[in-house]
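Visitor: I've got a model on my screen and a pile of terms like pocket, cavity and core. Could you take me through what earns each label?

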Amino acid sequence: MTHHEAQNPPRNAARPTAPAAAAGGGEVMGLLLAAGGGRRLGGRPKALLTHRGRPLVEHAVGVLRAGGCARIHVVLGAEAATVRDRAELPGCVLVDNPEWAEGMGSSLRAGLTSLTGTGADATLVSLVDQPGIGPEAVARVLAAYGSSGSLAAAAYDGVRGHPVLFGADHWAEIAATATGDRGARAYLKAHSDSITLVECGDVARPYDIDTEADLVHLE
């Protein structure tokens, strides 16, 4: 896997000048998983779906920035070269996941590996196919950060969802257990007593864009 910083000029958006410091005093970096091939969408990569006139991945990055993440890594997979060409992602580190077809677990592993050595104390992970989750939910979960040992997640009517926040102390074990499409689910289940749930049901809708019927949620 490789990664580099995107060189595209920004589109009507000011770039952050300093890393975002969360409530605990350390930096929480954004990690966007955007590698899916859209198998149930006729093979259309989710990152390239059109939302508000631009690729969906641009919207998802904008949500992370508006919610307080100054530095963002974006994991790409299906048609990664086309995503790089079409999407304007200034300042983001783009991480290639050649094993994207294995499922979300491989993208989470690639993303966490790319964060090693960045100096971040935690990462806030979001999914490209959840446009109903906006900056308010990101900011709430970001505010739950306390230390490199933090674990937090958005909740919707008490049910855990995204985004999720992983302190750096957890990264190695999460990466070791992330397989298939389960991502960090097994790790979070095993550490459920340590997770801070942040209710976001009043500010976000956690639907996924998985099938043709779900495309009605795009604007």
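Guide: Happy to. Bear in mind that this is a predicted model. Let's start with the largest pocket, which has a volume of about 970 Å³.

Visitor: What makes that one a pocket and not a cavity?

Guide: A cavity is space where a 1.4 Å probe fits but cannot get out, while a pocket is an open set of points. The space of about 970 Å³ is listed as a pocket, so by that definition it is open.

Visitor: Which residues lie nearest the centre of the largest pocket?

Guide: Lys 46, Met 104, Leu 127, Asp 129 and Asp 181, out of 35 lining residues. At least two lining residues come from each of strand S2 (28-34), helix H3 (104-115), strand S7 (122-127), strand S9 (159-167) and helix H6 (185-190). S9 has the largest share, with 5 residues.

Visitor: How many residues of each class are in that lining?

Guide: There are 15 nonpolar, 9 polar and 11 charged residues. Lys and Asp count as charged, so Lys 46, Asp 129 and Asp 181 belong to that class.

Visitor: And the cavity? How many are there of 30 Å³ or more?

Guide: The count comes to 1. The largest cavity has a volume of about 110 Å³, and 14 residues line it, with Val 63, Ser 126, Leu 127, Gln 130 and Ile 133 closest to its centre. H1, S7 and S9 each give two or more residues to that lining, and H1 gives the most, with 4.

Visitor: What is the class make-up of the cavity lining?

Guide: It has 10 nonpolar residues, 4 polar ones and no charged residues.

Visitor: Now a single residue. Why is Trp 100 called partly exposed?

Guide: Buried means under 20% relative accessible area and exposed means over 50%. Trp 100 comes out at 31%, so it falls in between and counts as partly exposed. You'll find Trp 100 in the loop between strand S6 (93-96) and H3.

Visitor: Which residues does Trp 100 touch, leaving out those up to four places away in sequence?

Guide: Ala 35, Gly 37, Gly 77, Ala 78 and Ser 106. Take Ala 78: it is 22 residues from Trp 100 in sequence, yet the C-alpha to C-alpha distance is 6.9 Å.

Visitor: What makes a group of residues a nonpolar core?

Guide: The members must be buried, of the listed nonpolar types, and joined through side-chain atoms within 4.5 Å. The largest such core has 41 residues, and Leu 32, Ala 34, Val 57, Val 74, Leu 124 and Val 141 touch the most other members. Two or more residues come from each of S2, helix H1 (56-67), strand S5 (72-76), helix H2 (80-86), S7, helix H4 (135-142) and strand S8 (151-156). H1 has the largest share, 6 residues.

Visitor: How do you know that Val 74 is buried?

Guide: Val 74 is a member of that core, and core members have to be buried, so Val 74 must be under 20% relative accessible area. Beyond four places away in sequence, Val 74 touches Leu 32, Ala 34, Val 57, Val 61, Cys 92, Val 93, Leu 94 and Val 95. Apart from the largest core lies another of 26 residues, among them Met 29, Val 93, Val 95 and Val 164.

Visitor: And over the whole protein, how much is buried?

Guide: Buried residues make up 52% of the 219 residues. The protein has 6 helices and 10 strands, and its accessible surface comes to about 9700 Å², 49% of it belonging to carbon and sulfur atoms.

Definitions and conventions: Residues are numbered from 1 along each chain as its sequence is written. This is a predicted model: local features need pLDDT of at least 70, side-chain atom pairs count only at pLDDT 80 or more; totals for chains, interfaces and linings use all residues. Side-chain values use heavy atoms; hydrogens and water are left out. On a 1 Å grid over the protein atoms alone, a cavity is a set of points where a 1.4 Å probe fits but cannot get out, and a pocket is an open set with protein on both sides within 12 Å along at least five of seven lines; lining residues have an atom within 4 Å of a point. Grid points are joined across faces, edges and corners, and a volume is the space filled by probe spheres set on the points. Buried means under 20% relative accessible area, exposed over 50%, partly exposed in between (1.4 Å probe, protein chains only). Contact means heavy atoms within 4.5 Å. Accessible areas come from the Shrake-Rupley method with a 1.4 Å probe; for residues, only the protein chains shown count as cover.
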